[in-house]
Amino acid sequence: MTKLPRKPSKPLLGEADALLRSRPRRRRDPDQPNLPFDPMPDRIEPCLALLKARPPKGDDWVYEIKWDGYRLAVHIEPTGIRILTRGGHDWTHRFPAIKQGALWLPVGSAILDGEAVVLDGQGRSDFGLLQQSLGGRGGKKKSSDAIFMAFDLLYFDGHDLRNSELDMRRHLLEDLVPAGEQGDIRLSEQIEADGDQLLASACEHGLEGIIAKRRDAPYSSGRLGDWVKVKCIQSDSFVIVGYEKSTAARAGIGRLLLAARKGKKLLYVGGVGTGFNERNAYELREKLDGLITSTPATDVDRRGAIFVKPKLIAEIEYRAWTDDGKLRHASYKGLRDAADEAVVYELE
């Protein structure tokens with residue numbers, strides 16, 4: 001496919017430096033058939049980023065900041081706006097500001113891929129603030145604080161763009177959502193830089209990491225490697241399988257017991273006792289007490305622990321793994337909502 005120019009081309013000039021103009025447009029012959037339109041997909045499985053330790057190198061890759069929120073698809077349809085989660089749940093009513101922002105976009109039909117985030121005072125996405133604005137896991141609140149960071153355009157005015165390369169899709173997206181706009185729908189800007197230097201800068205500013213994308217790749221659902229994520233601090237989803245009580249801790253939760261997947265089984269990977277605040281601790285305790293069971297979901301042997309059914313998935317930030325396969329310096333960030341269909345960490 002022909003590459004689009006990175007910068008607007010200069011106008012063509014004639015001999016007297018006058019702009020050359022095209023011929024006047026003729027009226028369309030009504031007997032001439034219309035160009036066929038692609039049917040608008042009801043839902044598109046998202047393209048997912050593959051986790052790597054280092055950014056890929058080369059001119060084939062472009063970079064973006066990694067946003068820490070909920071992956072969403074914003075459908076602008078002739079009948080209205082639909083906002084779908086990664087799992088296909090309709091959350092239009094949960095994001096009224098994003099819905100209104102989509103109504104104002106100058107397009108008849110489109111599907112935007114991006115992330116709903118809440119920014120902190122330094123302009124960084126904060127998953128905990130997003131969860132709080134939605135009322136926690138399973139909450140029913142509407143978030144007027146969340147904004148939508150758009151990073152791809154999958155359908156545009158009757159044309160399915162998934163087979164077009166990323167450069168083409170971004171060209172159209174940047175016309176639709178200009179860089180620098182500060183509304184409820186904003187552009188996740190691409191950065192052409194050295195991947196290692198950009199990652200170092202992102203980590204220095206307290207960001208979660210970066211995303212690298214192959215500029216000539218079509219949009220492919222699933223985790224195929226055309227998108228790569230590199231994190232400053234490890235953050236993944238783990239199943240809560242129990243907790244230990246504490247008389248000194250908020251809501252009496254001293255430590256959550258966590259598990260990762262290994263094949264079809266759950267394997268204990270340690271616990272987390274920090275990151276709770278007054279509000280999320282009591283909400284979490286209420287949910288845990290409704291899942292208490294006498295049968296542990298893993299082979300964990302923690303005397304005095306209270307075991308729960310493996311229904312809740314927590315987002316955990318951590319620094320590394322110990323030699324015996326446990327999380328090191330873990331901190332609780334919040335519960336993933338079932339509608340988000342977060343992928344539980346898979347042990348090799």
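A residue is called buried here when its relative accessible area is under 20%, and the legends below describe close-up views of a predicted model.

**View 1. Helix H3 and the strands against which its buried residues pack.** Helix H3 spans residues 166-176, and its buried residues are Leu166, Asp167, Arg169, Arg170, Leu172, Leu173 and Leu176. In a helix of the α type, residues three or four places apart point the same way, because there are 3.6 residues a turn. The buried residues of H3 pack against S2 and S9, and also against strand S5 (110-117), strand S6 (147-156) and strand S8 (185-187).

**View 2. The open sheet of four strands, S1-S10-S9-S2.** The pairing within this sheet is mixed, and the strands follow one another in the order S1-S10-S9-S2. Strand S1 (50-51) and strand S2 (61-65) stand at the edges with a single partner strand each, so that one side of each is left without a neighbour in the sheet. Helix H4, made up of residues 195-204, packs on the sheet and touches S2, strand S9 (209-214) and S10, while the direction of the helix makes about 150° with that of S9. At the S1 edge, two bridges connect S1 with strand S10 (residues 227-231), and these two strands run parallel. Leu51 has Lys229 as its bridge partner in S10.

**View 3. The disulfide between Cys203 and Cys232.** The structure holds one disulfide, in which Cys203 is joined to Cys232 with an S to S distance of 2.1 Å. The link is left-handed, with -95° about the S-S bond. The pair connects distant parts of the chain, 29 residues apart, since Cys203 lies in helix H4 whereas Cys232 lies in the loop between S10 and strand S11 (234-245). Are the two joined cysteines buried or partly exposed? Cys203 has a relative accessibility of 34% and therefore counts as partly exposed, and Cys232, with a relative accessible area of 24%, is partly exposed as well. Another cysteine, Cys47, counts as buried because its relative accessibility is 4%, a value that falls under the 20% cut-off.

**View 4. Strand S3, with its partners S4 and S5.** Strand S3 (residues 70-77) is mostly covered, with eight of its eight residues buried. Tyr70, Leu72, Val74 and Ile76 point one way from the strand, and Arg71, Ala73, His75 and Glu77 point the other way, yet all of these residues are buried. Strands of a sheet pair through backbone hydrogen bonds, either parallel or antiparallel. S3 pairs with S5 in the antiparallel sense over seven bridges, and within this pairing His75 has Ile111 of S5 as its bridge partner. S3 also pairs with strand S4 (residues 80-85) in the antiparallel sense, here over six bridges, with Ile83 of S4 as the bridge partner of Val74. The connection from S3 to S4 is a hairpin that passes through two residues.

**View 5. The largest pocket and the residues that line it.** The largest pocket holds about 1,000 Å³ of space. Of the 38 residues that line this pocket, Ala49, Arg223, Lys229, Lys231 and Asp236 are the closest to its centre. Lys229 also appears in View 2, where it is the S10 bridge partner of Leu51. At least two lining residues come from each of S1, S2, S3, S9, S10, S11 and strand S15 (313-318). Which strand gives the most to the lining of the largest pocket? That strand is S11, which supplies four residues.

**View 6. Strand S11 and its antiparallel partners S12, S14 and S15.** Of the 12 residues of S11, 10 are buried, so the strand is largely enclosed by the rest of the structure. S11 runs antiparallel to S15, to which six bridges join it, and in this pairing Phe238 stands opposite Ala314 of S15. Six bridges likewise join S11 to strand S12 (residues 253-262), again in an antiparallel arrangement, with Val239 opposite Ala259 of S12. Strand S14 (residues 306-307) is joined to S11 by two bridges and also runs antiparallel to S11; here Gly242 stands opposite Phe307 of S14.

Methods. Residues numbered from 1 in each chain as written. Predicted model: local features only at pLDDT ≥ 70, side-chain atom pairs only at ≥ 80, totals over all residues. Heavy atoms only, no water. Pairing = 2+ DSSP bridges. Contact = heavy atoms within 4.5 Å. Axes fitted to C-alpha atoms, helices over the stretch in contact; angles between N-to-C directions. Buried < 20%, exposed > 50% of the residue type's maximum accessible area, 1.4 Å probe, protein only. Disulfide = S-S within 2.5 Å. 1 Å grid on protein atoms, 1.4 Å probe; cavity = no way out; pocket = protein on both sides within 12 Å on 5 of 7 lines; lining within 4 Å. Points joined across faces, edges and corners; volume = space filled by probe spheres on them.
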